[in-house]
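This report describes the fold of a single chain and then turns to a nonpolar area on its surface. The sequence and the structure come first.

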Amino acid sequence: MLLEVCWRGFSHWSMGICGGVCFLGIYILEEKAKKCSLPLKCLFGCLFITLNEFITGCIVNLLLGWNVWDYSHLPFNLLGQICLVFSLLWFLLSIVGFKIAAIIKSKIFSEKILD
């Protein structure tokens, strides 16, 4: 949501849920695809985020009519919910996401929990 507020000047609570699910996916990908190259992980991250954005958009924009976003004015869009430009942005943002996930994993969750 913070990125969206910085980008657009506002956000919607549904973007907090969507963004949380996206970061959780990035975190899981970081854990499961340790041996993959960063560009390949970013491709997976981009695809996951784009799919999540499409599902969220179909629910909040098309089904519920909340009009949180509309990419219909951008080229290569699908139902106005996803577009190539933002998918490329998700690829780049995945780089940051994977780095943050790795830091969280190593600094917070690497310590053993005592019984």
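A patch is built from residues with over 30% relative accessible area and no salt bridge, nonpolar side chains being joined within 5 Å. The model examined here is predicted, and in it W13, I17, V21, F48, L51, I55, I59, L63, L64 and W66 make a nonpolar surface patch of about 980 Å².

The patch draws on more than one element, since α2 (13-32) and α3 (38-63) each supply at least two of its residues, while α3 gives the most, with five residues. L64, by contrast, lies in the loop between α3 and β1 (77-78). Why can L64 count towards a patch? Its relative accessible area is 43%, so L64 is partly exposed and passes the requirement of over 30%.

As for the chain that carries this patch, it holds four helices and two strands, which follow one another from the N terminus in the order α-α-α-β-β-α. Among its contacts with a separation of 6 or more, 55% join residues 24 or more positions apart. The overall values are gathered below.

| Property of the chain | Value |
|---|---|
| Box filled by the C-alpha atoms, along the principal axes | roughly 50 × 30 × 25 Å |
| Buried share of the 115 residues | 31% |
| Exposed area | about 7800 Å² |
| Share of the exposed area from carbon and sulfur atoms | 74% |

Finally, the charged side chains comprise 9 positive and 7 negative ones, and the centres of these two sets lie 11 Å apart.

Key: Residues numbered from 1 in each chain as written. Predicted model: local features only at pLDDT ≥ 70, side-chain atom pairs only at ≥ 80, totals over all residues. Heavy atoms only, no water. Buried < 20%, exposed > 50% of the residue type's maximum accessible area, 1.4 Å probe, protein only. Contact = heavy atoms within 4.5 Å. Areas by Shrake-Rupley, 256 points an atom, 1.4 Å probe, with all protein chains shown as cover. Lys, Arg positive; Asp, Glu negative; His and termini not counted. Charge placed at Lys NZ, Arg CZ, Asp CG, Glu CD. Patch = residues over 30% accessible without salt bridge, like charges linked within 9 Å, V, L, I, M, F, W, Y side chains within 5 Å. Salt bridge = Lys/Arg side-chain N within 4 Å of Asp/Glu carboxyl O.
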